[in-house]
Amino acid sequence: MKEIEAKFKLAEDVSFDLVVEKFSGKYNFSREPKIQQDSIYLFPEQIDRPIVTGSKIARVRIVTQGSTKVKLLTLKVQTEKAMVSDEYEIEISNAESAQALLVGLGMEHNVSVRKKRVEFKTDEYTVCVDEV
C-alpha cells in the first residue's frame, strides 16, 4: 500500500467533531471512531534525525472500535517524496511479542501515541481525521 500523509493543525475555533461533521455529508464513514494506541520503533541511528529516503519506521498498533480490538505490525519505508512511504502491514495476535521482535532486530522504542480516528472512504482513497 502507498501512504500519502498530510498533516494540519486546526484553528482553535475548529474542533475534531466539526471536521467530522463537514466530511460526513460527502463520504461514507463509520460513525464510531477508532481509538489507536501506537508504539513507534526506530533504529538507533535514526533517533533525533530527519526521516530520509530509505528510512524504516516500525509501528505496533492496537485499534479499538466498540468491542472489537485489532493488533497490527507495520513497517513504513520512506520514499524519495516527503510524507510518502511504502507501507507493509500484518495483523498480529500478540503486541508484546511483536515489540520484543522489533527490539531483537535492533530497533528502539521511540514514542507512544494515542489518537481518536474517523475514516472516510471514496472509491479510491481513505481519508483519516485524527485527534491526537
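This talk describes the fold of one protein chain and then follows a helix, two residues and several paired strands.

Good morning. Please keep in mind throughout that the model before you is predicted. Let me begin with the chain as a whole. The chain holds two helices and eight strands. Following the sequence, these elements come in the order β-α-β-β-β-β-β-α-β-β. The C-alpha trace spans about 45 × 35 × 30 Å along its principal axes. The chain has 132 residues, and 30% of them count as buried. Its accessible surface is about 9200 Å², and carbon and sulfur atoms account for 52% of that surface. As for charge, there are 20 positive and 22 negative charges in the chain, and their mean positions lie 1 Å apart.

How do contacts in the chain relate to distance along the sequence? Among contacts between residues at least 6 apart in sequence, 55% join residues at least 24 apart.

I turn now to helix α1, residues 16-24. Which residues of α1 are buried? They are F16, V19 and V20. Viewed down the axis of α1, the buried residues fall within an arc of 100 degrees, so they line one face of the helix. A general rule is helpful at this point: an α-helix has 3.6 residues a turn, so residues three or four places apart point the same way. On the face of α1 turned away from the buried side we find the exposed residues D17, E21 and K22. Against what do the buried residues of α1 pack? They pack against β2, β7 and β8.

Two of those strands form a pair. Strands β7, residues 108-121, and β8, residues 126-131, run antiparallel and are joined by six bridges. A hairpin of four residues leads from β7 to β8. Within this pairing, F120 has V127 of β8 as its bridge partner.

F120 also brings us to Y27. This tyrosine sits in the loop between α1 and β2. Leaving aside residues up to four places away in sequence, Y27 touches F120, K121 and T122. Is Y27 buried or exposed? Y27 counts as partly exposed, because its relative accessibility is 30%, and the partly exposed class lies between 20% and 50%. For a sense of distance, Y27 and K81 are 54 residues apart in sequence, and their C-alpha atoms are 28 Å apart in space.

The final part concerns strand β5, residues 68-78. On one side in sequence comes β4, residues 56-65, which runs antiparallel to β5 and is joined to it by ten bridges. Q65 stands opposite T68 of β5 in this pairing. The hairpin of β4 and β5 has two residues between the strands, and G66 there takes a positive phi near 65 degrees.

Strand β5 also pairs with β6, residues 84-92; eight bridges join these antiparallel strands. Here L72 has E91 of β6 as its bridge partner. The hairpin of β5 and β6 has five residues between the strands, with M83 taking a positive phi near 65 degrees.

Which residue of β5 deserves a word here? K71 is placed in this strand. K71 counts as partly exposed because its relative accessibility is 25%. Apart from residues up to four places away in sequence, K71 touches R61, I62, I90, E91, I92, S93, N94 and A95. K71 and A58 are 13 residues apart in sequence and 13 Å apart in space, C-alpha to C-alpha.

Thank you for your attention.

Note on methods:
Residues are numbered from 1 along each chain as its sequence is written. This is a predicted model: local features need pLDDT of at least 70, side-chain atom pairs count only at pLDDT 80 or more; totals for chains, interfaces and linings use all residues. Side-chain values use heavy atoms; hydrogens and water are left out. Buried means under 20% relative accessible area, exposed over 50%, partly exposed in between (1.4 Å probe, protein chains only). Contact means heavy atoms within 4.5 Å. Accessible areas come from the Shrake-Rupley method with a 1.4 Å probe; for residues, only the protein chains shown count as cover. Lys and Arg count as positive and Asp and Glu as negative; His and the chain ends are not counted. The place of a charge is taken as NZ of Lys, CZ of Arg, CG of Asp or CD of Glu. The arc is that of the directions from the helix axis to the C-beta atoms. Two strands pair if DSSP finds at least two bridges between them.
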